[in-house]
Amino acid sequence: MGKYAQLVIGPAGCGKSTYCEHLWNHCQAIGRPIHCVNLDPAAEAFGYPISIDIRDLVSLEDVMEEMGLGPNGALLAAMEYMEDHLDDWLGEELGGYGDEDYLVLDCPGQIELYSHVSAFRSLVDFLKADGWSVCAVYCLDCHFITEAPKYIAGAMQALAAMVKLELPHINLLTKMDL
Ligand SMILES: Nc1nc2c(ncn2[C@@H]2O[C@H](COP(=O)(O)OP(=O)(O)OP(=O)(O)O)[C@@H](O)[C@H]2O)c(=O)[nH]1
């Protein structure tokens, strides 16, 4: 089989966690082992069980307090902290996982993380070196296809992530029911 992982990325509120929840329910229904990883230190509640949680490593509140930063600066600092602890935190957390395990990584909604900050590229390189086959699922709210300028903006942000992460990449339009 092998070890497979999806990196679920995209702008804030586009439906990443909802997608992860549906995927988790689907895998439960078909009896496939699935493990959800929360990589958002500001996340609060989830509709699925979390196997690995970045909040055990770093919390947004602590970073804001200790470094005197606002929420966005603190999120970027927290991601840099994660980048510095991939080996000793994620490496250790992933120690028990192996063949037939499927990871779904639910990521924060700050799109600069996927276009010009190095943390997620380092994360991807770390997972690949650890034997995981990784793909990116870029969630984009379907309001991005309602007008040409928005469509170009959405396509460009997805393309920036594709170029930065260099992963097999799937763009997923969410909220199609709306
Ligand atoms: N109607 C509808 N609402 C959706 C769909 N997907 C997500 N939502 C709603 O959109 C809101 C944001 O969804 P989340 O899954 O929390 O989005 P997210 O990308 O994880 O958000 P952040 O982690 O804050 O970036 C929630 O209120 C969801 O219920 C969908 O397919 N249809």
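In this predicted model, Glu-166 sits in the loop that links α6 to β6. The backbone of Glu-166 has a phi near 50 degrees, which is a positive value in a residue other than glycine. Glu-166 counts as partly exposed because 13 C-beta neighbours lie inside 10 Å, a number between the limits of 12 or fewer for exposed and 20 or more for buried. A second residue of this kind is found in the segment after β6, where Lys-175 is placed. The phi of Lys-175 is near 60 degrees, again positive in a residue other than glycine. Lys-175 is partly exposed too, because 14 other C-beta atoms are within 10 Å.

On the other side of the loop that holds Glu-166 is helix α6, and Gln-157 belongs to this helix, which covers residues 148-165. Is Gln-157 buried or exposed? With 20 C-beta neighbours inside 10 Å, Gln-157 counts as buried, since 20 is where the buried class begins. Once neighbours within four places in sequence are left aside, the contacts of Gln-157 are Ile-111 and Ser-115. Tyr-114 can be compared with Gln-157 as well: 43 residues separate the two in sequence, and their C-alpha atoms are 8.6 Å apart in space.

The strands can be taken next. Six strands, in the order β3-β2-β4-β1-β5-β6, make up an open sheet with parallel pairing. At its edges are β3 (50-53) and β6 (169-174), each of which pairs on one side only. Direction ignored, neighbouring strands of the sheet are turned against each other by 25 degrees on average. Helix α6 packs on this sheet and touches β1 (3-9), β5 (132-141) and β6. The direction of α6 makes about 165 degrees with that of β5. As a general point, strands of a sheet pair through backbone hydrogen bonds, either parallel or antiparallel.

Strand β4 is a good place to look at pairing in detail. Strand β2 (residues 35-38) runs parallel to β4 (residues 102-106), and 4 bridges join the two. Within this pair, Val-37 stands opposite Leu-105, and Asn-38 has Asp-106 as its bridge partner. Strand β1 also runs parallel to β4, joined to it by 5 bridges. Here Val-8 has Asp-106 as its partner in β4. How many of the 5 residues of β4 are buried? The count is 4, so by the definition of burial β4 is mostly covered.

Which residues have the most contacts inside the largest nonpolar core? They are Leu-7, Val-8, Val-104 and Leu-105, in a core of 42 residues. Strand β5 gives the most to this core, with 6 residues. Leaving aside neighbours within four places in sequence, Val-8 is in contact with several residues, among them Tyr-19, Val-104, Leu-105, Val-137 and Cys-139. In general, nonpolar side chains tend to be buried together in soluble globular proteins.

The contacts of Val-8 also include Lys-16, and Lys-16 leads to the ligand. The ligand is surrounded by 13 residues, the closest being Gly-15, Lys-16, Ser-17, Thr-18 and Gly-109. Helix α1 (residues 16-30) gives the most to this shell, with 3 residues. By residue type, the shell divides into 3 nonpolar, 6 polar and 4 charged residues.

How values were computed: Residues numbered from 1 in each chain as written. Predicted model: local features only at pLDDT ≥ 70, side-chain atom pairs only at ≥ 80, totals over all residues. Contact = placed C-beta atoms within 7 Å. Pairing = 2+ DSSP bridges. Axes fitted to C-alpha atoms, helices over the stretch in contact; angles between N-to-C directions. Near = placed C-beta within 6 Å. Nonpolar A, V, L, I, M, F, W, Y, C, P; charged D, E, K, R; others polar. Core = buried A, V, L, I, M, F, W, Y, C linked by C-beta atoms within 7 Å.
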